[in-house]
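Hi everyone, thanks for coming. I'd like to walk you through a few aromatic and charged side chains today, so let's bring the model up on the screen.

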Amino acid sequence: MRIEEEQMSETTMDAAAKQRVREALLAQLQAQLEASQESIAVETEGAQIDEEDDHREDDTAQSYEYGDKAGVLEEFAAGQEQRAETAEDLDFSLTDVVRPGAIVGFDGNRYIAGVVSDAFDVDGITYEGISADAPAYQALEGKHLGDGFSIGDRGHTIDFLA
């Protein structure tokens with residue numbers, strides 16, 4: 001049986017279900033990016049001092065503080081934008097090997113390989129992203145359903161792969 005024809009089961013999912021996970025991941029990453037951009041706008045606005053108005057030394061100090069926060073938020077938003085672009089570029093086709101774009105499960109948890117993300121739910125199942133740079137991903141890469149691997153001194157078995 002070809003992998004594209006497999007139905008959803010305890011150990012894998014079909015292409016439509018995997019696409020729903022992809023869409024939810026992208027929506028979450030986009031929402032986080034938009035929230036960061038809104039925060040930047042607030043902090044940037046707070047950093048503005050109307051030069052025509054009288055202002056105190058405290059106003060200048062607050063302006064610098066808002067400006068510093070905006071700078072940190074801009075760096076954070078740039079990272080979020082990169083994560084969103086990475087997720088957009090992942091190959092979410094069904095797979096029988098752990099690679100970027102694979103959904104892999106072990107110990108009752110499900111992970112999207114190749115991108116960092118907070119946990120989110122799709123069809124009653126929680127997913128979380130795992131970076132391709134993470135030691136856990138390095139231990140998983142190239143493995144198949146049923147394969148064992150170790151993270152630190154703990155052994156695990158891949159019990160889901162799509």
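Let's start with two phenylalanines: Phe106 and Phe149 are both buried. Please keep in mind that this is a predicted model. For Phe106, the relative accessibility is 6%, so Phe106 falls in the buried class.

How are the rings of Phe106 and Phe149 arranged, and how far is it from centre to centre? They make an aromatic pair of the edge-to-face kind, with 5.0 Å between the centres and 85° between the planes. Phe106 belongs to strand E1, residues 103-106, while Phe149 belongs to strand E5, residues 148-151, so this pair ties together parts that lie 43 residues apart in sequence.

Now, the count of aromatic pairs comes to three. Another of them joins Phe106 and Tyr111: the ring centres are 5.1 Å apart and the planes are at 25°, so this pair is stacked, as planes under 30 degrees apart count as such. Tyr111 has a relative accessible area of 18%, so Tyr111 is buried too, the limit being under 20%. Put together, ring pairs link Phe106, Tyr111 and Phe149 into a cluster.

Let's look at the strands around here. Strands E1 and E2 run antiparallel and are joined by four bridges. Within that pairing, Val104 stands opposite Tyr111 in E2. Stepping back, there is an open sheet of five strands with mixed pairing, and the order reads E3-E4-E2-E1-E7. Strand E3 (117-122) and strand E7 (160-161) are at the edges with a single partner strand each, so each has one side without a neighbour in the sheet.

My last stop is Arg110, which lies in strand E2, residues 109-113. Here is a question for you: which side chain of opposite charge is nearest to Arg110, and how far away is it? The nearest is Glu10, at 5.9 Å, and Arg110 has no salt bridge although Arg110 is buried. What does the charged end of Arg110 sit over, then? That would be the ring of Phe160, with the charged end 3.6 Å from the ring centre.

If we leave aside neighbours within four places in sequence, the contacts of Arg110 include Glu10 and Phe160, and also Ile103, Val104 and Gly105. A run from Ile125 through Thr126 and Tyr127 to Glu128 is in contact with Arg110 as well.

That's my tour, and I'm happy to rotate the view for anyone who wants another look.

Key: Residues numbered from 1 in each chain as written. Predicted model: local features only at pLDDT ≥ 70, side-chain atom pairs only at ≥ 80, totals over all residues. Heavy atoms only, no water. Helix = DSSP H or I, 4+ residues; strand = E, 2+ residues; numbered from the N terminus. Buried < 20%, exposed > 50% of the residue type's maximum accessible area, 1.4 Å probe, protein only. Lys, Arg positive; Asp, Glu negative; His and termini not counted. Salt bridge = Lys/Arg side-chain N within 4 Å of Asp/Glu carboxyl O. Contact = heavy atoms within 4.5 Å. Phe/Tyr/Trp six-rings, centres within 6.5 Å; stacked < 30°, edge-to-face > 60°. Lys NZ or Arg CZ within 6 Å of the ring centre and 35° of its normal. Pairing = 2+ DSSP bridges.
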